[in-house]
Amino acid sequence: MVLSSSPLAPVVVVVGITGQQGGSVARALIASDKPYRIIGLTRDATRPSAKQWLDLGIELRQVAISVGNEDAVLKAFEGADILFVSTLSAWHSPTAAHLGTTAGCHEFRRTRRQAAREIGRAHV
């Protein structure tokens, strides 16, 4: 396992670390032979699925990545060199279902892209 606290190691912010895609990305980074500092984003940092990441030494930030919450999303992305942001399917995601429409889903994607652009230096 190569988690690092070195300021030279890139910071990877993983959106949805408690989910399948985000969790598998975090596990792959941990298994890598390269050092990374990992920050996991989750909607609920008190859930048992979040605690396992804390136990590994990964910083968690609680944030709802949603339309209208752009300032909090931007703050959650702070310090990132690399962002892992999974795609959202309007047809297969419970998150998308509450957005109500495909247009709402596209707005959600724009929120994430805009926040990523504003931090400037991250690879997405």
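**Exercise 1. Placing a glycine**

In which helix is Gly 22 found? Determine also whether Gly 22 is buried or exposed, and identify its contacts outside its own stretch of sequence.

*Solution.* The model under study is a predicted one.

Step 1. Gly 22 belongs to helix 1, which covers residues 20-31.

Step 2. The relative accessibility of Gly 22 is 3%. Buried means under 20%, so Gly 22 counts as buried.

Step 3. Once neighbours within four places in sequence are set aside, the contacts of Gly 22 are Val 14, Val 15, Gly 16, Ile 17 and Phe 84. Of these, Val 14 and Val 15 are residues of strand 1.

Step 4. Phe 84 lies 62 residues from Gly 22 along the chain, yet 7.5 Å separates their C-alpha atoms. Strand 4 spans residues 82-84, and the contact between Gly 22 and Phe 84 therefore links helix 1 to that strand.

**Exercise 2. The order of the elements**

State how many helices and strands the protein has, and give the pattern in which they follow one another.

*Solution.* Step 1. The count is five helices and four strands.

Step 2. Along the sequence, the elements appear as β-α-β-α-β-α-β-α-α.

Step 3. Two parts of this pattern can be described further. Strand 1, helix 1 and strand 2 form a β-α-β unit that is right-handed. Strand 2, helix 2 and strand 3 form a right-handed β-α-β unit as well.

**Exercise 3. Pairing of the strands**

Work out which strands pair with strand 1 and which strand joins strand 2 through four bridges.

*Solution.* Step 1. Strand 1 (residues 11-15) runs parallel to strand 2 (residues 37-42), and five bridges join them.

Step 2. Strand 1 also pairs with strand 4 in the parallel sense, here over three bridges.

Step 3. Val 13 illustrates both pairings. Its partner in strand 2 is Ile 39, and its bridge partner in strand 4 is Leu 83.

Step 4. Strand 2 is joined to strand 3 (residues 59-62) by four bridges, and these two strands run parallel. Ile 39 has Glu 59 as its bridge partner in strand 3, while Thr 42 has Gln 62.

**Exercise 4. Cover over the strands**

Establish how many residues of strand 1 and of strand 2 are buried, and describe the directions in which the valines of strand 1 point.

*Solution.* Step 1. In strand 1, five of the five residues are buried.

Step 2. In a regular strand, side chains alternate between the two faces of the sheet. In strand 1, Val 11, Val 13 and Val 15 point one way, whereas Val 12 and Val 14 point the other way. All of these valines are buried.

Step 3. Strand 2 has five buried residues out of six, so the rest of the structure largely encloses it.

Step 4. For the protein as a whole, buried residues make up 36% of the 124 residues.

**Exercise 5. The two sides of helix 3**

Decide which residues of helix 3 are buried, which are exposed on the other side, and why the buried residues line one face.

*Solution.* Step 1. Within helix 3 (residues 70-77), the buried residues are Val 73, Ala 76 and Phe 77.

Step 2. Viewed down the helix axis, these buried residues fall within an arc of 95°, and they therefore line one face of helix 3.

Step 3. An α-helix has 3.6 residues a turn, so residues three or four places apart point the same way.

Step 4. Asp 71 and Lys 75 are exposed on the other side of helix 3.

Step 5. After helix 3 comes Gly 79, with a positive phi near 90°.

**Exercise 6. Salt bridges**

Find how many salt bridges the whole structure contains, and state how exposed Lys 51, Asp 55 and Glu 59 are.

*Solution.* Step 1. The search of the whole structure yields two salt bridges.

Step 2. One of them joins the side chains of Lys 51 and Asp 55, at 3.1 Å from N to O. Both residues lie in helix 2 (residues 48-55), four residues apart, which is about one turn of the helix.

Step 3. Lys 51 has a relative accessible area of 46% and is partly exposed; Asp 55, at 54%, is exposed.

Step 4. Glu 59 and Arg 61 also form a salt bridge, with 2.9 Å between the closest N and O atoms. At 38% relative accessibility, Glu 59 is partly exposed.

Key. Residues are numbered from 1 along each chain as its sequence is written. This is a predicted model: local features need pLDDT of at least 70, side-chain atom pairs count only at pLDDT 80 or more; totals for chains, interfaces and linings use all residues. Side-chain values use heavy atoms; hydrogens and water are left out. Buried means under 20% relative accessible area, exposed over 50%, partly exposed in between (1.4 Å probe, protein chains only). The arc is that of the directions from the helix axis to the C-beta atoms. Two strands pair if DSSP finds at least two bridges between them. A crossover is right-handed if, with the strands pointing away from the viewer, the path from the first strand over the helix to the second runs clockwise. Contact means heavy atoms within 4.5 Å. A salt bridge is a side-chain nitrogen of Lys or Arg within 4 Å of a carboxyl oxygen of Asp or Glu.
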